[in-house]
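Please open the model in a viewer and keep the sequence panel visible beside it. The tour below proceeds by selections, each followed by a description of what is found there.

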Amino acid sequence: MKNKRKSSTLIMLSTILVFGLVFWYLVENGMIWFNMPSKNRYPVRGVDASHYQGQMNWERIAEQGITFAFLKATEGSGTVDDCFTENWNNARAAGLYVGAYHFFSFDSSAATQADNYCAIVPDQEDALPPVIDLEFYRSENLPEPDAVRESLRILLARMRGVYGKQPIIYTTKECWELYLKDSELEYTLWIRSIFTAPVYGITPEWTFWQYNPRGMLDGYTGGDVRIDLNVFRGTMDEFRQFAGYDALPQ
């Protein structure tokens with residue numbers, strides 16, 4: 001009896017291990033994810049991408065139900081994404097709604113960061129609003145909230161003045177709580193929430209939601225096999241209105 005119990009225990013543990021490894025493989029490769037937002041509820045879907053994805057076939061991306069793309073343009077005061085211009089032109093040519101994002105640096109001035117972004121991102125009437133990517137990239141010596149808010153105020157004002165649209169801030173719940181909560185900054189919220197739906201109580205209410213940082217699509221080679229997946233909070237008509245397309249000449 002004792003040997004039978006040991007054998008049953010080993011079989012059970014082996015089964016759990018196998019299922020665990022299979023589950024890890026599927027998650028790691030973006031085949032399943034914790035969040036799977038309903039396509040009926042969130043029909044407008046998009047990606048954010050950079051040089052990390054390598055060569056992009058935007059026509060193939062668009063064929064997979066993707067409506068919009070936010071592309072990395074700049075980082076800090078001096079970095080420009082090598083693939084930005086190519087991605088910008090090709091994604092637009094493929095019929096996607098396209099915007100550009102700037103990875104915010106805690107270590108350089110807001111004025112020079114704004115210079116960097118505005119020098120590379122075209123001011124095109126049919127582009128999506130500019131985006132500031134605000135997230136932690138270090139765990140020690142984080143700047144004080146007031147200093148970050150002042151930098152964001154400068155950067156938001158510059159983007160709004162150049163592009164004529166209210167900028168978007170992409171962030172995590174943790175970063176929002178430290179730097180954006182109870183601030184008077186005016187922006188559109190793009191929230192990252194990969195394990196659950198976005199937490200209620202965050203203001204302003206989210207407009208874009210990054211739900212999967214390990215998505216898998218066809219259409220890019222030579223870089224990371226995973227890509228960030230996002231949804232817009234609303235219908236296609238509401239998305240066009242948000243993007244200002246309804247006001248453009250037909």
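Begin by selecting strand β1 (residues 45-49) together with β11: the two pair in the antiparallel sense over four bridges. To find the register, display R45, whose bridge partner in β11 is V231. Please bear in mind throughout that this is a predicted model.

**The strand β11**

Keep β11 selected and add β9 (206-215). These two strands also form an antiparallel pair, with five bridges between them. Within this pair, G215 has I227 of β11 as its bridge partner.

Now colour β11 (residues 227-232) by burial. Six of its six residues are buried, so the strand is largely enclosed by the rest of the structure. In a regular strand, side chains alternate between the two faces of the sheet. Show the side chains of I227, L229 and V231 for one side of β11, then those of D228, N230 and F232 for the other; both faces are covered, and all of these residues are buried.

**The whole chain**

Zoom out to the complete protein chain and switch to a cartoon view. Its secondary structure comes to seven helices and 11 strands. The chain has 250 residues, of which 45% count as buried. Among contacts between residues at least 6 apart in sequence, 67% join residues at least 24 apart.

**The pair β7 and β8**

Next, select strand β7 (residues 168-172) and β8, which pair in the parallel sense over five bridges. Display I169 and look across to β8, where L189 stands opposite. How many residues of strand β8 (residues 188-192) are buried? Four of the five are, so β8 is largely enclosed by the rest of the structure.

**Helices α4 and α5**

Select helix α4 (residues 110-120) and helix α5 (residues 145-163). Their axes come within 9 Å and cross at roughly 30°. That angle makes α4 roughly parallel to α5, and the crossing is right-handed.

To see the contact itself, display A110, A111, Q113, A114, D115, Y117 and C118 in α4, which meet S151, I154, L155, R158, M159, V162 and Y163 in α5. By class, this contact has 10 nonpolar, two polar and two charged residues.

Remain with α4 and mark its buried residues: A110, Q113, A114, N116, Y117 and C118. An α-helix has 3.6 residues a turn, so residues three or four places apart point the same way. What do the buried residues of α4 pack against? Add β3 (68-75), β4 (79-80), β5 (97-103) and β6 (131-134) to the selection, for the buried residues of α4 pack against these strands and against α5.

**Helices α5 and α6**

Hide α4, retain α5 and select helix α6 (residues 173-180). The two helices pack at an angle of about 95°, with their axes 9 Å apart. They are therefore roughly perpendicular to each other. The contact is made by P145, V148, R149 and L152 of α5 and by L178, Y179 and L180 of α6. Its residues divide into six nonpolar, no polar and one charged.

**A residue in helix α7**

Select A243, which lies in helix α7 (residues 236-243). Is A243 buried or exposed? A243 is buried, with a relative accessible area of 3%. Not counting residues up to four places away in sequence, A243 touches A127, L128 and K165. Add E125 and draw a distance between the C-alpha atoms of E125 and A243: they are separated by 9.6 Å, while the two residues are 118 residues apart along the chain.

**Three stops in the loops**

Go to the loop between β6 and α5 and select N141. N141 has a positive phi of about 55° although it is not a glycine. With a relative accessible area of 69%, N141 is exposed.

Move on to D182, in the loop between α6 and β8. Here phi is again positive, at about 65°, although D182 is not a glycine. D182 is exposed, with a relative accessible area of 72%.

Finally, select P204 in the loop between β8 and β9. Which kind of peptide bond joins T203 and P204? The bond is cis, with omega at about -5°.

Key. Residues numbered from 1 in each chain as written. Predicted model: local features only at pLDDT ≥ 70, side-chain atom pairs only at ≥ 80, totals over all residues. Heavy atoms only, no water. Axes fitted to C-alpha atoms, helices over the stretch in contact; angles between N-to-C directions. Parallel < 35°, antiparallel > 145°, perpendicular 65-115°, else oblique. Left-handed = near helix turned anticlockwise from the far one by under 90°. Contact = heavy atoms within 4.5 Å. Nonpolar A, V, L, I, M, F, W, Y, C, P; charged D, E, K, R; others polar. Buried < 20%, exposed > 50% of the residue type's maximum accessible area, 1.4 Å probe, protein only. Pairing = 2+ DSSP bridges.
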